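Please open the model in a viewer and follow the stops below in order. Each stop names a selection and then describes what is found there.

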Amino acid sequence: MSGERLARSVTPTCDLPWLPGYLQRIGNPPLGPLDFTHLAWLHEAHVAHIPFDMADGFLEEEAPFSLNQVVQKIVYGHRGGGCSQMNGLFAQVLSSLGFDVQRTLAKTFQHGVCRELSTHMALIVTVGAKRWLCDVGFGLRGPLRPLSLAESDEGIAQVQGCHCYRVQRLPGREWLVEYLRGDCWQGLLVVRDADYSYEEFRVTHFYNTHASTSLFTKSLICARPHAEGGDMLQNGTLVCVRGNVRSSRTVTTLDELVGLLTSHFNIVISAQRFRRLPAGILKG
């Protein structure tokens, strides 16, 4: 990685008063030069400490979009976030540290089929002459560390713990990101080679949190991947994967659901804040 190191070191800008709070939230990873090693530290620390959290659509308050609101929710409010919140916040942090960051749109897959709408935010970060895909807001099968977008790595398995990815360039300035599940490669993302302002994701944020066709208005989903697998709560079922061991648990009361959010995802939400729950979520 020494060939990817830049001569200058991180010099955080003073326009992010919440940066120390964010670094504390992700375990105070060491700040270092603007190289891939430092980028990977930050990415992995964010994924490890801040879960994918799509509970907003079921709470009393409106799902926050402005970065100031997102900071209050994630940095100070013991919550996680969805893709635009998580990657939007991470992009702001990386930019303030001096990294070259693009916010871009991506399509996700459902039941093996690529969705027609681009509703996911991902990041492309350039370090030296190499570009990396960063995504701290995907969920259970999201990458723990940045994925290489270099032509030399095209189609090569990129292993992160028990997770395995590969990236292939597509016609029309896009990349296909695949995930190895068992013996089969499955589509994960189709990512545009483009750059958008944060404000341009307001529509996708609204779709994900309000549209009747969005998975996240029907299902309460929280997830956190890790090197041995990951944990995911979908509606009333918690699934935990540790290597070859898979366990599941079904909640029966709202208080039990709130307790699981705290114990497994470090998410603090009181029962009183829920204005509704997905149909049939509590099995008791």
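Begin with the aromatic rings: a search across the whole of this structure, which is a predicted model, returns five aromatic pairs. Select Phe 36 and Trp 132, one of which lies in a helix and the other in a strand. Their rings are stacked, with 4.0 Å from centre to centre and 20° between the planes. Phe 36 belongs to helix H2 (residues 36-49) and Trp 132 to strand E5 (residues 130-134), so the pair ties together parts that are 96 residues apart in sequence.

**The open sheet**

Next, display the strands E1, E11, E12, E13 and E14. In that order, these five strands form an open sheet with antiparallel pairing. Which strands stand at the edges? They are E1 (52-53) and E14 (245-250); each has a single partner strand, so one side of each is left without a neighbour in the sheet.

Move through the sheet from E11 (221-226) to E12 (229-234). Six bridges hold these two strands in an antiparallel pairing, and Cys 222 is found opposite Leu 233 of E12. The hairpin connecting E11 to E12 passes through two residues.

E12 is also joined to E13, again antiparallel, by six bridges. Select Gly 230 to see Val 241 of E13 opposite. Two residues separate the strands of the E12 and E13 hairpin, where Asn 235 adopts a positive phi near 55°.

From E13 (residues 237-242), continue to E14: the two run antiparallel and share six bridges. Thr 237 has Thr 250 of E14 as its opposite residue.

Now add helix H7 (residues 254-265) to the view. The helix lies across E11, E12, E13 and E14, and its direction is at about 160° to that of E12.

**Two successive hairpins**

Select residues 163-170 and 174-181, which are strands E8 and E9. The two run antiparallel and are joined by six bridges; within this pairing, Arg 166 has Glu 178 in E9 as its bridge partner. The hairpin has three residues between the strands, and Gly 172 shows a positive phi near 80°.

Extend the selection to E10 (residues 184-192), which pairs with E9 in the antiparallel sense through eight bridges. Trp 175 has Val 191 in E10 as its bridge partner. Here the hairpin has two residues between the strands, and Gly 182 in the turn takes a positive phi of about 70°.

**The largest pocket**

Turn to the surface representation. The volume of the largest pocket is about 1400 Å³. Which residues are closest to its centre? Of the 46 that line the pocket, they are Phe 109, Phe 138, Leu 140, Arg 141 and Met 232. By class, the lining comprises 18 nonpolar, 23 polar and five charged residues.

**The enclosed cavity**

For the last stop, look inside the protein. Rolling a probe the size of a water molecule over the atoms shows where empty space is left. One cavity of 30 Å³ or more is present, and the largest cavity holds about 60 Å³ of space. To display its lining, select Val 47, Ile 50, Pro 51, Phe 52, Asp 135, Val 136, Phe 138, Gly 139, Gly 142, Pro 143, Ala 223 and Pro 225. Nine of these lining residues are nonpolar, two are polar and one is charged. Phe 138 appears here in the cavity lining and also among the residues closest to the centre of the largest pocket.

Note on methods: Residues numbered from 1 in each chain as written. Predicted model: local features only at pLDDT ≥ 70, side-chain atom pairs only at ≥ 80, totals over all residues. Heavy atoms only, no water. 1 Å grid on protein atoms, 1.4 Å probe; cavity = no way out; pocket = protein on both sides within 12 Å on 5 of 7 lines; lining within 4 Å. Points joined across faces, edges and corners; volume = space filled by probe spheres on them. Nonpolar A, V, L, I, M, F, W, Y, C, P; charged D, E, K, R; others polar. Pairing = 2+ DSSP bridges. Helix = DSSP H or I, 4+ residues; strand = E, 2+ residues; numbered from the N terminus. Contact = heavy atoms within 4.5 Å. Axes fitted to C-alpha atoms, helices over the stretch in contact; angles between N-to-C directions. Phe/Tyr/Trp six-rings, centres within 6.5 Å; stacked < 30°, edge-to-face > 60°.
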